[in-house]
Amino acid sequence: MLAVFPALVCLATMSLVHVNPSNTSNDKPHLNRFSLIALIIATYLMIIIILQNIFIFPSWAHILTTTILVIMTLSPLQVALTAQRSEQRSPSPVMAPLITTLEDQNEVEMNLLQAMSTINFWLLFLAMVCIMGSGLATINNITQIGESLDYSTVEIDTMVSLLSIWNFLGRFGAGFVSDLFLHKYGGGRPLFISLTQLAMVVGYLTIGFSGNLYIGSVIVGVCYGSQWSLMPTITSEIFGVKHMGTIFNTIATANPMGSYIFSVQVVANIYDRKAQASGGLCHGLHCFRLSFSIFAAVCGFGIIVSLVLFLRTRGLYASILQRRLKG
């Protein structure tokens with residue numbers, strides 16, 4: 001479904017995407033409404049998931065909650081229609097560029113080869129290997145981790161379901177907070193990679209030494225998701241927007257690469273050795289304690305890497321703030 005269904009949706013709706021004259025002066029209220037709807041849906045899903053694991057829902061309750069969810073999912077259409085009506089009343093619509101010009105956004109535009117020849121590229125790539133690889137390895141193994149810590153099937157299913165919500169909140173929250181920090185103080189976004197990696201260290205130690213998956217999964221989910229808003233934005237700000245798609249997707253290979261290293265070479269190997277010593281299956285904190293200790297150490301190294309990137313790009317972000325203040 002993940003491979004086929006999204007591709008079919010894109011093919012079915014691609015004809016609807018076209019250049020549309022619009023009045024860009026009042027976009028922010030509409031975007032804020034979209035963001036509010038997304039937050040409301042995430043909160044609603046979180047509450048429903050938790051309630052479904054506490055109480056047994058009758059069939060009418062499933063129908064009611066699903067109907068409400070469908071209505072909430074369709075509600076952005078109302079925001080779009082409102083925006084369209086307000087634009088039609090505007091006397092002089094202007095064309096909204098998808099990507100701002102070089103003078104408005106960046107002083108430097110690099111292609112992939114030029115970007116890969118810089119230290120900043122490899123610092124960002126290495127930081128992503130550390131946090132994304134270890135985060136994805138945790139998410140992929142959350143069921144096995146829960147089973148080894150004697151969580152019930154219902155509890156594990158709940159944590160797996162809620163992880164996607166923590167992931168969304170991380171993406172939304174990191175983007176919002178880093179925007180606010182950048183626009184007000186000119187602070188570089190790489191600093192937030194360091195802060196989220198620091199939080200990841202806490203999350204890994206929480207899972208590895210206390211076995212508390214509830215707190216640990218929240219921290220890991222939020223911090224992992226935050227990289228998917230920080231990394232592409234940092235890519236465009238450091239290397240420019242002209243070749244952002246190519247550069248961004250090249251750096252994004254850190255995610256599967258790190259997942260392979262930490263899932264296969266760390267978690268799987270250590271767990272297999274512990275399981276063999278226990279006669280086939282492993283139960284208890286010792287099954288994953290060493291793995292999460294390694295994850296914490298890796299993220300500690302990632303903090304140093306992202307701090308170096310932050311220090312190297314302070315001048316760039318100061319100039320971005322300066323240009324925006326002048327604008």
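Which residues form a disulfide, and how far apart are their sulfur atoms? The legends below answer this and then visit other parts of the predicted model.

**View 1. The disulfide of C282 and C287.** In this close-up, C282 pairs with C287, and their sulfur atoms lie 2.0 Å apart. A disulfide is a covalent bond between the sulfur atoms of two cysteines. A search of the whole structure turns up one such bond. Look along the S-S bond of C282 and C287: the torsion there is about -100 degrees, so the disulfide is left-handed. C282 is buried because its relative accessibility is 1%, below the cut-off of 20%. C287 is buried too, with a relative accessible area of 0%.

**View 2. C299, a cysteine in no disulfide.** Moving on from C287, which is buried at 0% relative accessible area, we come to C299, which is in no disulfide. The nearest cysteine sulfur to C299 belongs to C130, and it is 6.7 Å away. For a disulfide, the two sulfur atoms would have to be within 2.5 Å. C299 has a relative accessible area of 0%, so this cysteine counts as buried. For contrast, turn to C10: this cysteine is exposed, at 52% relative accessibility.

**View 3. Y317 and its neighbours.** Here we meet Y317, a residue of helix 15, which covers residues 314-326. Is Y317 buried or exposed? With 0% relative accessibility, Y317 is buried. Leaving aside residues up to four places away in sequence, Y317 touches L182, G186, G187, G188, R189, P190, I234, E237 and I238. One of these partners, L182, is worth a second look. Y317 and L182 are 135 residues apart in sequence, yet their C-alpha atoms are 7.7 Å apart in space. Contacts that span the sequence also show up in the protein as a whole: among those between residues at least 6 apart, 81% join residues at least 24 apart.

**View 4. Helix 2 and a nonpolar surface patch.** Helix 2 has 26 residues and spans 38 Å from its first C-alpha to its last, close to the 38 Å expected at 1.5 Å a residue. Its buried residues are H30, I37, I41, A42, Y44, I48 and I49. On the surface, I47, I50, L51, I54 and F55 make up a nonpolar patch, and together they have about 450 Å² of accessible area. I54 sits in the loop between helix 2 (27-52) and helix 3 (59-74). With a relative accessible area of 55%, I54 is exposed.

**View 5. D150 and its positive phi.** What is the phi of D150? It is positive, at about 65 degrees, although D150 is not a glycine. Most residues other than glycine have a negative phi. D150 belongs to the loop between helix 8 (142-148) and helix 9 (153-185). D150 counts as exposed because its relative accessibility is 59%.

**View 6. Stepping back to the protein as a whole.** How many helices and strands are there in the protein? There are 15 helices and zero strands. Of the 327 residues in the protein, 42% are buried. The protein exposes about 17900 Å², and carbon and sulfur atoms supply 69% of that area.

Methods. Residues numbered from 1 in each chain as written. Predicted model: local features only at pLDDT ≥ 70, side-chain atom pairs only at ≥ 80, totals over all residues. Heavy atoms only, no water. Buried < 20%, exposed > 50% of the residue type's maximum accessible area, 1.4 Å probe, protein only. Helix = DSSP H or I, 4+ residues; strand = E, 2+ residues; numbered from the N terminus. Contact = heavy atoms within 4.5 Å. Patch = residues over 30% accessible without salt bridge, like charges linked within 9 Å, V, L, I, M, F, W, Y side chains within 5 Å. Areas by Shrake-Rupley, 256 points an atom, 1.4 Å probe, with all protein chains shown as cover. Salt bridge = Lys/Arg side-chain N within 4 Å of Asp/Glu carboxyl O. Expected span 1.5 Å × (residues − 1).
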